[in-house]
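I opened the notebook today to look up a few strands and one side chain. My entries follow in the order in which I checked them.

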Amino acid sequence: MISKTEPYSPALPMADTVPSPEAMIRVDSYPSELVREWVGERGARRRYKVARAVGFQDLGDVLGCGRWGCVYQVPGPWVVKVTADPTEAPMWARLASMRRRTPHLLEGAARTANIVRLRPELHYGPDETYEVFAVVREEAHPFLDGDTASVATHARITERDVKLISGALLGYRRAAQVFHEGERRQWAIDEMRDSADVLESVAGADLLATTLRYLAVSAVAPQDVHLNNIGWRKHERLPDQSDAPLGLIVTDPGHTPTVWQTEDEIPIEEYAVNR
C-alpha cells in the first residue's frame with residue numbers, strides 16, 4: 001500500500017540550494033543507475049508502488065536513461081520519468097502552472113499529467129542522499145536516433161537543420177546559465193531570443209522556439225536543453241487536454257533552478273513507496 005504525505009514545497013530560493021550543472025557533472029557515478037536500482041526490476045514491490053503513485057498499474061520497460069533518471073513505458077500517450085534531479089520536477093510544475101495562463105506559448109514543452117515526490121530518499125554513499133521524483137509526461141519521438149543521418153530521415157530535416165538546431169540550443173544554454181548566475185541578464189535574454197530566432201527558421205521547430213523565447217523573458221529559461229532533451233511530439237490529442245500541435249518539444253527542462261514559487265504553482269504531492 002502506498003501512503004500519501006503532505007505536499008512537497010522546495011526550500012526557497014532554490015538557486016541557493018540546487019547544484020549547478022557543472023557541479024552535477026562532477027558526480028562520480030550516474031545517479032540514473034542508482035535510480036533504476038531504487039525503482040527495482042519487474043515484479044519488485046517498490047516498482048509497483050511507484051506506478052500506483054502516479055496512476056498506473058505497473059511500470060513497463062525502461063525506454064532510456066540519462067544522467068539523472070530513467071524513462072519507463074506505461075500505456076500511451078504517456079511515459080513516466082523517475083529522476084533524482086532536484087530541479088526537474090519543480091520546473092515541470094512551474095511550466096504546468098504557466099500553461100494554465102498562456103497555453104499557446106508553452107506548446108513547445110511536453111505536457112504533464114502528474115508530478116510527485118517519492119519517499120524514501122535515494123542514498124548514495126555514506127553521506128549523500130537524493131530526492132526522487134516521478135513525472136508523467138507525454139511521450140515523444142527522440143530527436144536523436146543514433147546518428148545525424150537517422151535523425152534527418154526520421155524527422156525529414158536536413159543535416160544542415162540538425163546543425164542549426166544544435167548550435168542554437170548551445171547558444172541558448174550558455175546564455176541561460178549566464179542569466180541564472182544573475183549577471184548580464186539583459187544580454188542573456190537578448191542572446192536567448194537570437195537563438196530562438198535561429199530555431200524558428202527550421203521547419204518543425206517553431207513551437208520549441210516560441211516556448212524557449214517565452215521562458216527567457218519569464219526568468220525560468222531552462223539551462224540544459226540540448227539534442228537529447230528534445231523530441232518530436234507523437235500525439236495530436238491527449239486525454240483530458242486540448243489538441244496538441246505537432247513539432248519539436250522540450251522533454252527534459254531540468255538542471256534549472258526555479259528561483260521562486262508563484263501563488264498558483266501546482267503542488268508536488270509526496271508518496272511513500274517503501275519496499
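**Strand 3 and its neighbours**

I began with strand 3 (residues 69-73), where 4 of the 5 residues are buried, so this strand is largely enclosed by the rest of the structure. I kept in mind throughout that the model is predicted.

I next asked which strands pair with strand 3, and in what sense. Going back along the chain, I found that strand 2 (residues 62-65) pairs with strand 3 in the antiparallel sense over 3 bridges. Within that pairing I looked up glycine 64, which stands opposite valine 71 of strand 3. The connection between strand 2 and strand 3 is a hairpin, with 3 residues between the two strands.

Going forward, I noted that strand 3 and strand 4 (residues 78-83) run antiparallel and are joined by 5 bridges. For glutamine 73 I looked up the bridge partner in strand 4, and I recorded valine 79. Strand 3 and strand 4 also form a hairpin, here with 4 residues between them.

**Histidine 255**

I then turned to histidine 255, which I located in the loop between strand 9 (248-250) and strand 10 (269-272). Is histidine 255 buried or exposed? Its relative accessible area is 11%, and because the cut-off for buried is under 20%, I entered histidine 255 as buried.

Last, I checked histidine 255 against threonine 87, which lies 168 residues away along the chain, and I noted a separation of 5.6 Å between their C-alpha atoms.

Terms used. Residues are numbered from 1 along each chain as its sequence is written. This is a predicted model: local features need pLDDT of at least 70, side-chain atom pairs count only at pLDDT 80 or more; totals for chains, interfaces and linings use all residues. Side-chain values use heavy atoms; hydrogens and water are left out. Buried means under 20% relative accessible area, exposed over 50%, partly exposed in between (1.4 Å probe, protein chains only). Two strands pair if DSSP finds at least two bridges between them.
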